[in-house]
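I opened the file to look up a few side chains, the ligand site and the overall build. My notes follow in the order I took them.

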Amino acid sequence: MSGRLTIIGRLTIVGLGPGDDRYITPEAREALEAAEALYGYGPYLDRVPKRNGQARNPSGNRVEGTRAQAALRHAENGVHVAMVSGGDPGVFAMAAAVCGEIELGPEAWRALEISVVPGITAMLAVAARAGAPLGHDFCAISLSDNLKPWKLIERRLDAAASGGFVIAFYNPISKARPWQLGQAFTRLGRHLAPDTPVVFGRAVGRPDETMIITTLDEAGDTPADMATLVIVGSPETRVIARSGKAPLVYTPREAAVVSA
Ligand code: SAH
């Protein structure tokens, strides 16, 4: 025994949910309060209540690797660090970026206490607003071709649609990626009927939330941006019209249609 106390650093990766503070879990709240330093994309950090003595390190949207490294280096000094993510940190977000840096980084990073605190992902928040579109088998695809080739996305679109999955699109469109969403709808049209229900949920849980229910043949003309999550139904998905109320979109628990 050297008599010296070694304090093991901690990195907790915390999901904040899609926007409404009521979607932040008690576990996430506790983790945020316990942290000595916070890291994350600026607008997400802004959603965390300020606490005296807690250092804040906001960063830009596109620097996930650098942000993860900075947080890990900070934790390495025996500090309790929290990294925040919108929605769930494991869904197209920081938890995988942190794991990637740990795998490639120094041995000391493997000794850190790492924990991931789940959050409500955008897909679940949008689905809940629409009814139950994810009631049967579904999958999630990021339409961003920054980190993977477009050809691979097309292959996955074909596989998902021909397999009868409901599909949730994250990162549907951005200024730098204006055509991908339209192209994805066209591609899905090879497998799915024009009247397949499509849900657009924008900024769900925030004051400017909007929900649009449309069909695959009209979806290309529906506005979307980076704050939008799109759910494309399967051949089983149905829309229940209701007088004076928003329709209910749902996918029944049982499946009968066998896609070609
Ligand atoms: N980790 C996040 C997803 C990050 S990818 C999560 O689990 O939700 C970013 C994408 O998530 C956006 O382009 C959008 O498609 C979706 N998104 C995030 N917040 C949203 C919200 N409040 N409403 C609708 N979509 C949202």
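**Entry 1: H80.** I looked first at the side chain of H80 and found it in polar contact with the side chain of T12, at 3.4 Å. The model is predicted, so I take this distance as a computed value. I placed H80 in strand β4, which covers residues 80-85. With a relative accessible area of 12%, H80 is buried, because the cut-off for buried is under 20%. I then listed its contacts, leaving aside neighbours within four places in sequence: R10, T12, A34, A35, E36 and A37.

**Entry 2: H191.** I took a second histidine, H191, and asked where in the chain its place is. H191 sits in the loop between α8 (180-188) and β9 (197-202). Its relative accessibility is 33%, so I entered H191 as partly exposed. Not counting residues up to four places away in sequence, H191 touches D158, A161 and S162. I also checked H191 against T12: the two are 179 residues apart along the chain, and their C-alpha atoms are separated by 42 Å.

**Entry 3: the ligand.** Which residues come nearest to the ligand? I noted D88, V91, T121, M226 and T228, out of 20 residues around the ligand. I went on to backbone atoms. A backbone N or O atom of V91 is 2.8 Å from a ligand nitrogen atom. For A227, a backbone N or O atom lies 3.3 Å from a nitrogen atom of the ligand. For N171, the ligand partner is an oxygen atom, 3.2 Å from a backbone N or O atom. I then looked up the ligand's surface: taken alone, the ligand exposes 550 Å², and the protein buries 93% of that.

**Entry 4: the whole chain.** I counted nine helices and 13 strands in the protein chain. The C-alpha trace spans about 70 × 40 × 35 Å along its principal axes. Of the 260 residues, 44% count as buried. I looked at contacts between residues at least 6 apart in sequence; 67% of these join residues at least 24 apart.

**Entry 5: surface and charge.** The accessible surface of the protein chain comes to about 13600 Å², and carbon and sulfur atoms account for 54% of it. How far apart are the mean positions of the positive and negative charges? I have 27 charges of each sign in the protein chain, with mean positions 2 Å apart.

Definitions and conventions
Residues numbered from 1 in each chain as written. Predicted model: local features only at pLDDT ≥ 70, side-chain atom pairs only at ≥ 80, totals over all residues. Heavy atoms only, no water. Helix = DSSP H or I, 4+ residues; strand = E, 2+ residues; numbered from the N terminus. Buried < 20%, exposed > 50% of the residue type's maximum accessible area, 1.4 Å probe, protein only. Contact = heavy atoms within 4.5 Å. Areas by Shrake-Rupley, 256 points an atom, 1.4 Å probe, with all protein chains shown as cover. Lys, Arg positive; Asp, Glu negative; His and termini not counted. Charge placed at Lys NZ, Arg CZ, Asp CG, Glu CD. Near = heavy atom within 4 Å. Polar contact = N/O pair within 3.5 Å; in protein donor to acceptor, adjacent residues only side chain to side chain.
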